[in-house]
Amino acid sequence: MITIPDLTQAITILSRGGLVAFPTETVYGLGADANNEDAIRKIFLAKERPYDHPLIVHIGDITQLSAWASDIPPIAQKLAETFWPGPLTLILKKQPHVLDIVTGGQQTVGVRMPHHPIALALLKAYGKGIVAPSANKFTHISPTTAQAVEEELGKKVDLILDGGPCEVGLESTIVDVSDKTPAILRPGMISAEKIANVLRMPITTRFSSQIKTPGMHHLHYAPRTRTELITQENLSSFLQTLTQQDLPIACVIRKIKPIQIQGVTWIPMPHDVHAYAHDLYQILRHVDHQQFKRIMIEDVPEDSAWEAVRDRIKKASHD
Ligand code: TXA
Ligand code: MG
């Protein structure tokens, strides 16, 4: 339970240039005042994140969008009105005052209004924008609980607001609407299909681009244990090639039926995509803490609803 004194303390810390980790519906964010360059530098130091990876400005009200973005096209307005508060980040042309440390020196800024009572209460009470990357070390798995934030950043955060496990469990969908043709830069649980339906136009996913797109670093969102993807079809040949040196091994499965094999731990995942997304990071984090030599993750369906999960398990895998 977050109390009013916690929020008051959070606001004091932010005003003085400190860092506050807070829950959102996607993952926990590491927050700093979006206008305070010194405070924002602490985020990069705490995360050990390169400065050319821009940050998302979080706002508590849709009317604050124009304080950060300029030339907002009707499609951006439409997406904000449809999906905010919610797990969607819009990339737009920035207002001149937006700091280079926020945008990575680019002319665009990412903005999002999260859907979480604590995040919204904090943002509304603070009244100003809060930049918040996921509250993990660079390239690690994003935290979906307050304990995971503590584990990742410990004393580098002045305060962690505990809101329990995050509902969505994967980072927001990022849509670039700064140009004539909108494009998805990072898939999330608001799928391309849902966005295309609202905009009544096709939308492409742009993975490779000159700008620093999310998670393009190889081994982004990755456990430290060697992680690979496996399909139901190649399971038996895979099991035959296993040697004593590969064991113990964890198999994160969905459709595959577990078979009793010495040294193989089977971890069944939900069949439903929302439940799967909700659990994924927590399970990978848990498995990563144990002494497995390898983690295998069973592939997921090819359809649009699974795109975000597919993207994250690919990024988690080392091959
Ligand atoms: O769900 C989320 O989006 C979470 C929660 C805390 O809100 N935040 C999050 O932030 O995932 P972060 O920093 O871990 O990932 C944001 C990604 C970065 O990889 C960055 O490259 C991209 O957003 N990004 C931010 N501003 C951008 C811009 N102007 N152009 C292109 N990409 C941008
Ligand atoms: Mg991140």
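How many aromatic pairs does a search of the whole structure find? The search finds two, and one of them makes a good stop later in this tour. Before you start clicking, keep in mind that this is a predicted model.

**Stop 1: the ligand**

Select ligand 1 and show its surroundings. You should see 24 residues around the ligand, with Thr26, His58, Ser134, Ser172 and Arg186 the closest. Now look at individual atoms. The side chain of Thr26 places an N or O atom 2.7 Å from an oxygen atom of ligand 1. Move to His58, where an N or O atom of the side chain is 2.6 Å from a ligand oxygen. For a nitrogen atom of the ligand, select Thr108: the distance to an N or O atom of that side chain is 3.0 Å.

Next, switch on a surface. On its own, ligand 1 has 670 Å² of accessible area, and the protein covers 98% of that. Colour by secondary structure to see which elements take part: strand 3 (56-58), strand 6 (108-112) and strand 10 (183-186) are the ones that give two or more residues to the shell. Which strand gives the most? That is strand 6, with four residues. If you colour the shell by residue class instead, you will find 12 nonpolar, seven polar and five charged residues.

**Stop 2: the second largest pocket**

Select Glu25, Pro85, Gly86, Pro87, His115, Glu167, Val168, Met189, Ile190, Lys194, His274 and Ala277, and you have the lining of the second largest pocket. The space inside comes to about 190 Å³. The lining breaks down into six nonpolar, three polar and three charged residues.

Stay with Pro85 for a moment, one of the residues that line this pocket. Its place in the chain is the loop between helix 4 (74-83) and strand 5 (88-94). Zoom in on the bond between Trp84 and Pro85: this peptide bond is cis, with omega about -10°.

**Stop 3: more backbone to inspect**

For another cis peptide bond, go to Leu247 and Pro248, where omega is near 0°. Pro248 sits in the loop between helix 9 (235-241) and strand 13 (249-253). Then select Asp71, in the loop that runs between strand 4 (69-70) and helix 4. Asp71 is not a glycine, yet its phi is positive, about 50°. Why pause at such places? Because most residues other than glycine have a negative phi, and most peptide bonds are trans.

**Stop 4: a cavity with charged residues**

How many cavities of 30 Å³ or more does the structure hold? There are three. For the second largest, select His140, Ile141, Glu151, Glu152, Ala222, Arg224, Arg285, Asp288 and His289, which line this cavity. Its volume is about 50 Å³. Helix 7 (146-153) and helix 10 each contribute at least two of the lining residues. By class, five residues of the lining are charged, two are polar and two are nonpolar.

**Stop 5: back to the aromatic rings**

Finish with one of the two aromatic pairs. Select Tyr276 and Trp306: their rings meet edge-to-face, 5.3 Å from centre to centre and with 75° between the planes. The two partners come from distant parts of the chain, 30 residues apart. Tyr276 belongs to helix 10 (residues 273-288), while Trp306 is in the loop between strand 15 (294-298) and helix 11 (307-316). Helix 10 may look familiar from the previous stop, as a supplier of residues to the lining of the second largest cavity.

Terms used: Residues numbered from 1 in each chain as written. Chains lettered and ligands numbered in written order. Predicted model: local features only at pLDDT ≥ 70, side-chain atom pairs only at ≥ 80, totals over all residues. Heavy atoms only, no water. Near = heavy atom within 4 Å. Polar contact = N/O pair within 3.5 Å; in protein donor to acceptor, adjacent residues only side chain to side chain. Areas by Shrake-Rupley, 256 points an atom, 1.4 Å probe, with all protein chains shown as cover. Nonpolar A, V, L, I, M, F, W, Y, C, P; charged D, E, K, R; others polar. 1 Å grid on protein atoms, 1.4 Å probe; cavity = no way out; pocket = protein on both sides within 12 Å on 5 of 7 lines; lining within 4 Å. Points joined across faces, edges and corners; volume = space filled by probe spheres on them. Phe/Tyr/Trp six-rings, centres within 6.5 Å; stacked < 30°, edge-to-face > 60°.
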